[in-house]
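Me: Please pick one part of this model and go through it closely, in plain terms. Start with how confident the prediction is, and explain each term when it comes up.

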Amino acid sequence: MSEPQSRMLAALNLRERPPRPSAPQGVWTFIWRSWRKTSGNAAYLAIDSIIFPAVFLLIFTYLFGGAISGSTGNYLQYLLPGMMVYTVTTMTVYIGINLKTDIERGVFNRFRTLPFWQPAAIIGTMAINLISFAVGLITTLGLGMLLGFRPEAGWSGVLLSMLLVMLYAFSFSWIFACLGLTVRKTESLTTMSYLVLYPLMFTSNVFADTSTMPDWLGPVVAYNPVSLASSSARALMHGTADTAALTATLISLGCIIAVFMPLAFQLYRKKSK
């Protein structure tokens, strides 16, 4: 008899009801569950976190660098912090897909019957995505350094920039968690996610400075949440961070979390099927 089976039999033979797991225990259990699922799909993790970021950075650097900045080296200094934001933005949709997959497979209904802190199912599922975000950021930064990118603020600026981008990815993930708990089909979720993502990403300053845009478009692009995160990451890396701009970015990310995190928990509790 295997060890898990022995533990199950021992639990079933107990006459006393086991204590209800605490919130941290529930979160950790779902982190472990998500990690097992992720490690079982290592190939997909490599594609999303390593191959795609590398391909996109190479394409945008060498395809558009000369046309936009006159040289790929100058463009890389501008592009790379924004590409870090771009990389994690495309990965935030997976939290919604993972939640929707659990719902469609009936796992969601089983979780609803178990005596644990229910938000742990969402938090644990989301927490493991932070590993994917970190791998994607390290890949983008590492390749950028090989291509010639140099952070003017040194490694302290790099670390602060990466922490900011991780916070940005965490906040955006709650938007797609809400979408995953709202739509009826996974196919619809994918379509809706990219309908949200692409306008935000391509009307941002990730690829081009707002000063080169028309007067009516520049202010709109500048206050895009993707632009705010890109500008702050860029400023932290190059040592030009402005306290007011950084505060505005943190406030915007905090507002996204304050709105969509409670909404996701509410949708999860009220989800009927």
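Reply:
**Helix α12 and its surroundings**

Among the elements of the protein chain, α12 has the highest mean pLDDT, 92, and helix α1 (residues 3–13) has the lowest, 68. Here pLDDT is the predictor's confidence in each residue, on a scale from 0 to 100. For the protein chain the mean pLDDT is 83, and 91% of the residues reach 70 or more. This is a predicted model, in which local features need pLDDT of at least 70, side-chain atom pairs count only at pLDDT 80 or more, and totals for chains, interfaces and linings use all residues. Residues are numbered from 1 along each chain as its sequence is written, and side-chain values use heavy atoms, with hydrogens and water left out.

Some background on the chain comes before the close look. The protein chain has 13 helices and zero strands. Helices (H or I, at least four residues) and strands (E, at least two) are DSSP runs, numbered from the N terminus. Of the 273 residues, 42% count as buried. Buried means a relative accessible area under 20%, exposed means over 50%, and partly exposed lies in between (1.4 Å probe, protein chains only). The C-alpha atoms fill a box of roughly 75 × 40 × 35 Å, taken along the principal axes. In the protein chain, 80% of the contacts with a separation of 6 or more are made by residues 24 or more positions apart. A contact means heavy atoms within 4.5 Å.

Now to the part itself, which is centred on H238. This residue lies in helix α12, which covers residues 225–238. H238 counts as buried because its relative accessible area is 13%. What does H238 touch, leaving aside neighbours within four places in sequence? The contacts are Q77, P81, F149, R150, P151, E152 and A153. Q77 also takes part through its backbone: the backbone oxygen of Q77 lies 2.8 Å from a polar atom of the side chain of H238. That fits the rule for a polar contact, a pair of N or O atoms within 3.5 Å; within protein, one must be able to donate a hydrogen and the other to accept it, and residues adjacent in sequence count only if both atoms are side-chain atoms.

E152, one of the residues in contact with H238, is worth following. E152 sits in the loop between α8 (129–147) and α9 (154–180). Is E152 buried or exposed? E152 is exposed because its relative accessible area is 61%. Not counting residues up to four places away in sequence, E152 touches Q77, M237 and H238. Q77 is thus listed as a contact of H238 and as a contact of E152. The C-alpha atom of E152 is 6.2 Å from that of G239, although these two residues are 87 residues apart along the chain.

The loop with E152 leads on to α9, where Y168 is found. Y168 counts as buried because its relative accessibility is 0%. Beyond residues up to four places away in sequence, Y168 touches V85, V88, T89, P225, V226, A229 and L253. The C-alpha atoms of Y168 and A46 are separated by 22 Å, and these residues are 122 residues apart along the chain.

S171 is also in helix α9. S171 counts as buried because its relative accessibility is 0%. Its side chain reaches the backbone oxygen of Y168 at 2.7 Å. S171 touches L253, I256 and I257, not counting residues up to four places away in sequence. L253 therefore appears in the contacts of both S171 and Y168, by the heavy-atom rule.

For comparison, here is another helix. Helix α7 (residues 120–127) is mostly covered, with six of its eight residues buried. A121 belongs to this helix, and A121 counts as buried because its relative accessibility is 4%. Its contacts, leaving aside neighbours within four places in sequence, are F30, F116 and Y268.

To return to the starting point, α12 has the highest mean pLDDT among the elements, and H238 in that helix is buried, while E152, which touches H238, is exposed.
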